Amino acid sequence: MSHCADDTVESRVIPDSPLIAFVGTPNCGKSTLFNVLTGLRQKVGNFPGVTVNPALGNLLGHKKNIRLIDLPGIYSLAPKSPDESLTTAVLKGENAKIALPDAAVFVINGTNLEKSLFLFSQFAALKIPTIVVVTMIDEIKARGGTFDDIELEHELGVPVLSVVGHKGVGVDEIKEHLRSIGDFSIPQISSLDADSIEIRHKWARELSKNVLKLDQRDAVTERLDKIFLHPVFGPLIFLAVMLLFFQSIFTWATPLMDFIDGGFSGLADFVATIIPEGIFQNFITKGIIGGVGSVVIFLPQILILYLFITLLEECGYLARGAFLVDRIMGAFGLQGRSFIPILGSFACAIPGIMSARIIPNEKDRLTTMLIAPLMTCSARLPIYALLIAAFVPAVYLGGFLSLQALVLFGLYALAAISGLVMAWIFKKTIFKGSKLPFLMEFPPYRKPSFKSVGITLFNRGKEFLQSAGTVILIFSIILWALTEFPRADVPEGTPQLVAERMQLEQSIAGQTGKFIEPVFKPLGFDWKITIGVIGSFAAREMFVSVMGQLYSADVTETDATLREVLKTSMSLPVALSVLMFYVYALQCMSTIAVLKRETGGWKWPTFAFGYTFLLAYGVAFFVYRISLGIF
Amino acid sequence: MTLFKSKKYMKTPLQLHELPIGSRAVIAGYGMINEFTERLQELGLIPGTLIKIVRRAPFKGPVEISYGTNRVAVRAHESDSIFVECLN
């Protein structure tokens, strides 16, 4: 959970372990360099109220422990978002959890010198021992430009190194410098003595002109943008990219997930042959192996989605896509970058919420994360399939339009529209008055560093397993205990299906279901459905298997048995009510665990659970009452 | 000719979103000082900076501006505090 951050606090007292901060403007190539220097052993800090957390790592290939921290990008020392505040607070030594860094690596994008120099002019006043690293020197040379690093070194008063991050050129020299902090020096800018933004920028512009001789036009980027931002082809290309993206997390992840699923149930079966039958075997197979399986199962979607957005971000297309859809998302109070987390949430809210990190604005990011669980994820499909098959007649409207398909589409559309309306409401109420209007930078197109992308993927996956995974595992063991205790008295020779039903009915979960039945009575839910609702907190599709157990029926949703049983034992208004409940309810502990991780506390997951529950309850109630009147 | 040109320069500054696509302009100043206009200046859009309106996103979406080697996009309805002098 949050112990990653505490580790850094402890280790900072070791005198032999200097802390070096990576500072720079967004998009300067800072994180790529950080990835190359620290490799696969990164940790991500967890700080309350901050959703983009700094990554921490040790310098690779060095015996002495040198800690590096990748601080969120800033434009100035006047922060305008919580993430920027974290960076400035750390650099000023005002952060309670991270000590004032012993030194800093100031990363400058060589092709875009002025902005970096402006930041440096403010940063210099902090008097932190610094080296400057200039990225993208190769691009300057490719465009026929020159870069005068000696002049820059002279003006800034600190060593200036250059690097081609994605090719690893110059990395060894940087490592060399990082090993001996004595090489760092405190910035000295003699030619500037004023504090207005305007004067600082004029200084930066002047210096930039002297240091960097470059044809201002980036012809490749301009040419590509004529295609990717073309009024007609631009949106079409975007649509194609998004279809590919959706396809990849929705269908390409499925074989991998089936493989993991099969692997874990195979393991459980195997373990069951070793350990004698009984509650201990049950705990190991269902509680532990089942619990770990329910965490690992998310990895394919998370990794595929991260691969996709990291590539899109690194090559520069993400900003273009966000530009194209900003108008549509803006109508609901969101921004263009919210599109990807929301689309991703149709496959699964877990990767969807994790990908909200691409949204730079705090309020937009929180709003997007709060509505992501409303998007119809694939775990709802088994419930929809079961109930639609049982209650919607398989007729074709006008001879070709399946009524069942139409109802399914209606559920998807209802959820999506409700989510966007909720976003609009949140932006008008709790997230009112965004501090900063929409402002987006277009980075030049560039080749992604596959090494850096790989390192990012590895670290994101590891981070999910360590933080959210722990919470999910604990939740699933608790849920296992709730359904397995107290043990039911099952007479010898009882058929297995009946024995399972008896156990579930008499368990804490079963008794709780019966106990809180009055709460769900207004929605038409009986105690069996109530137990199903509780059981599905492990994962929504569990509703189907719990119902199967309670009706002692086969649990595959395609199997006719459970469907036939439900047809006779459940009325149409109740079925509609259950459907509405699952359209809205955040009935998923994994989503809650990830929300906790991404927002740095229990406040927002509690809020998300609360508002979706009220919404689910309210809509299910109305639909139930209205349909009672009709049917 | 000189009179004509100076007259063109002397006219009241326009708001950013009034500029047609493809036009070149100079940042004249900001209607108010807030975090947004401060951020724009931190990005280098200080008064006197030469800008070009590159394009607009579909459905009257954000406006893309280029200046120097930078390119940023702002929403038209959120940019009414940016005042510019048109050059063509």
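User: Among contacts in chain A between residues at least 6 apart in sequence, what percentage join residues at least 24 apart?
Analyst: Happy to start there! This is a predicted model, where local features need pLDDT of at least 70 and side-chain atom pairs count only at pLDDT 80 or more, while totals for chains, interfaces and linings use all residues. Residues are numbered from 1 along each chain as its sequence is written, and chains are lettered from A and ligands numbered from 1 in the order in which they are written. Two residues are in contact if their C-beta atoms, placed from the backbone, lie within 7 Å; of the contacts you ask about, the share is 73%.

User: Why is chain A said to be as compact as a globular protein of its length?
Analyst: Chain A has 29 helices and 12 strands (DSSP runs, H or I of at least four residues for helices and E of at least two for strands, numbered from the N terminus). The globule rule, 2.2 Å times the number of residues to the power 0.38, is compared with the radius of gyration, taken over C-alpha atoms. For 631 residues the rule gives 25 Å, so chain A counts as compact because its radius of gyration is close to that, at 28 Å.

User: Is strand S5 (residues 103–109) of chain A largely enclosed or exposed?
Analyst: A residue is buried if 20 or more other C-beta atoms, placed from the backbone, lie within 10 Å of its own, exposed if 12 or fewer, and partly exposed in between. Ala103(A), Val105(A), Val107(A) and Asn109(A) point one way from S5(A), Ala104(A), Phe106(A) and Ile108(A) the other way, and all are buried. That is 7 of the 7 residues, so the strand is largely enclosed.

User: In S6(A), which residue is the bridge partner of Phe106(A)?
Analyst: Strands pair if DSSP finds at least two bridges between them. S5(A) is joined by 6 bridges to S6 (residues 130–135) of chain A, and the two run parallel. Within S6(A), the partner of Phe106(A) is Val132(A).

User: Which element of chain A gives the largest share of the side that touches chain B?
Analyst: The contact takes 31 residues from chain A and 26 residues from chain B. Helix H4 (113–123), helix H8 (197–211), helix H13 (317–330) and strand S12 (439–441) of chain A each supply at least two residues of that side of chain A. The largest share, 6 residues, comes from H13(A).

User: In S5(B), what is the bridge partner of Glu441(A)?
Analyst: S12(A) and strand S5 (residues 70–74) of chain B run antiparallel, joined by 3 bridges. The partner of Glu441(A) in S5(B) is Val72(B).
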